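Colleague: Please take a close look at the second part of the domain assignment and describe how its pieces fit together. Where the rest of the chain helps with the comparison, bring it in.

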Amino acid sequence: MADSSFDIVSKLDRQEVDNALNQAAKEVANRFDFRNVDAGIKWSGESIEIQANTEERANAVLDVLKDKLVKRGISLKAIDAGEPKLSGKVYKLGVGLKEGIAQEDAKKIGKIIRDEGPKGVKAQVQGEELRVSSKKKDDLQQVITLLKGKDLDVALQFVNYR
């Protein structure tokens, strides 16, 4: 009998991120407390750029974006927000998007599976994802439950379950 397996990945749905960004931009444009503060949010290459005339307003725009991302089902662990920096007369804040599982995080997840997971479950690092395999599908379900219960620094998705 062949082993059952699934992959652990960390990917973003770019369309959902774009939708959240557009909703946040609309809300910033229409909200009374963002009037006359040069507040804005837009794509800047592969990252998101927020600008406002004060540090507090820039952080408030970031909060609006976070709210929209959560409503669209995107984990806040997938974004990497910097600190607002003064650039001319406005504060700019860069928000990076994190995809893929770093090598050290993959090793950490593999160690959790080995130490706390059921016996007979194997985890292999394959680039920026992990393949978890076992003879029993129930063991794989236990691994998914185990990892969902852990507070990791990475937004995880479980795909290719077979």
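Modeller: In this predicted model, the C-alpha centres of domain 1 and domain 2 lie 32 Å apart. The assignment gives domain 2 as residues 14–97, while domain 1 is made of two stretches, 4–11 and 101–159. The part you ask about is therefore a single stretch of chain, with pieces of domain 1 on both sides of it in sequence.

Start with the helix pair. Helix H1 covers residues 14–30 and helix H2 covers residues 55–71; both ranges fall inside domain 2. Their axes are 9 Å apart, and the packing angle is about 135°. An angle counts as roughly antiparallel over 145 degrees and as roughly perpendicular from 65 to 115, so H1 and H2 are oblique to each other. Their crossing is right-handed. H1 brings Val 17, Ala 20, Leu 21, Gln 23, Ala 24, Glu 27 and Val 28 to the contact, and H2 brings Val 61, Val 64, Leu 65, Lys 68 and Leu 69. Sorted by class, the contact has 9 nonpolar, 1 polar and 2 charged residues.

Lys 68 deserves a separate look within that contact. This lysine is in H2, and its relative accessible area is 11%. The cut-off for buried is under 20%, so Lys 68 counts as buried. Apart from neighbours within four places in sequence, Lys 68 is in contact with Ala 20, Gln 23, Ala 24 and Glu 27. Those four residues are also on the H1 side of the helix contact.

Next, strand E3, which runs from residue 47 to residue 52. Ile 50 is placed in E3 and is buried, at 0% relative accessibility. Its contacts, without neighbours within four places in sequence, are Gly 40, Ile 41, Ala 58, Val 61, Leu 62, Tyr 91, Lys 92, Leu 93 and Val 95. Among them, Ala 58, Val 61 and Leu 62 have numbers within the range of H2, and Gly 40 and Ile 41 have numbers within the range of strand E2, 40–44. Val 61 thus appears twice, because this valine touches Ile 50 and also takes part in the contact of H2 with H1, whose oblique arrangement was given above. Ile 50 and Gln 15 are 35 residues apart in sequence, and their C-alpha atoms are 19 Å apart.

Ser 47 is in E3 as well. At 26% relative accessibility, however, Ser 47 counts as partly exposed. Ser 47 and Val 95 are separated by 48 residues along the chain, but their C-alpha atoms are 5.8 Å apart. Not counting residues up to four places away, Ser 47 touches Lys 42, Val 95 and Gly 96. Val 95 is therefore a partner of both Ser 47 and the buried Ile 50.

The loop between H1 and E2 holds Asp 38. Phi of Asp 38 is near 50°, a positive value in a residue that is not glycine. Asp 38 is exposed, with a relative accessible area of 52%.

Further along is Ala 78, in the loop between H2 and strand E4 (79–81). Ala 78 is buried at 3% relative accessibility. Leaving out neighbours within four places, this alanine is in contact with Leu 12, Gly 96, Leu 97, Lys 98 and Ala 155. By number, Gly 96 and Leu 97 belong to domain 2, and Ala 155 belongs to domain 1. Gly 96 is also a contact of Ser 47. Along the chain, Ala 78 and Gly 88 are 10 residues apart, with 29 Å between their C-alpha atoms.

For comparison, domain 1 has a helix pair too. Helix H3 (residues 103–116) and helix H4 (residues 137–149) have axes that come within 11 Å and cross at roughly 120°. That makes H3 oblique to H4, and this crossing is also right-handed. The contact is formed by Ile 109, Ile 112, Ile 113 and Glu 116 of H3 with Val 143, Leu 146 and Leu 147 of H4. Its residues divide into 6 nonpolar, no polar and 1 charged.

Note on methods. Residues numbered from 1 in each chain as written. Predicted model: local features only at pLDDT ≥ 70, side-chain atom pairs only at ≥ 80, totals over all residues. Heavy atoms only, no water. Axes fitted to C-alpha atoms, helices over the stretch in contact; angles between N-to-C directions. Helix = DSSP H or I, 4+ residues; strand = E, 2+ residues; numbered from the N terminus. Parallel < 35°, antiparallel > 145°, perpendicular 65-115°, else oblique. Left-handed = near helix turned anticlockwise from the far one by under 90°. Contact = heavy atoms within 4.5 Å. Nonpolar A, V, L, I, M, F, W, Y, C, P; charged D, E, K, R; others polar. Buried < 20%, exposed > 50% of the residue type's maximum accessible area, 1.4 Å probe, protein only. Domains from an automatic or database assignment.
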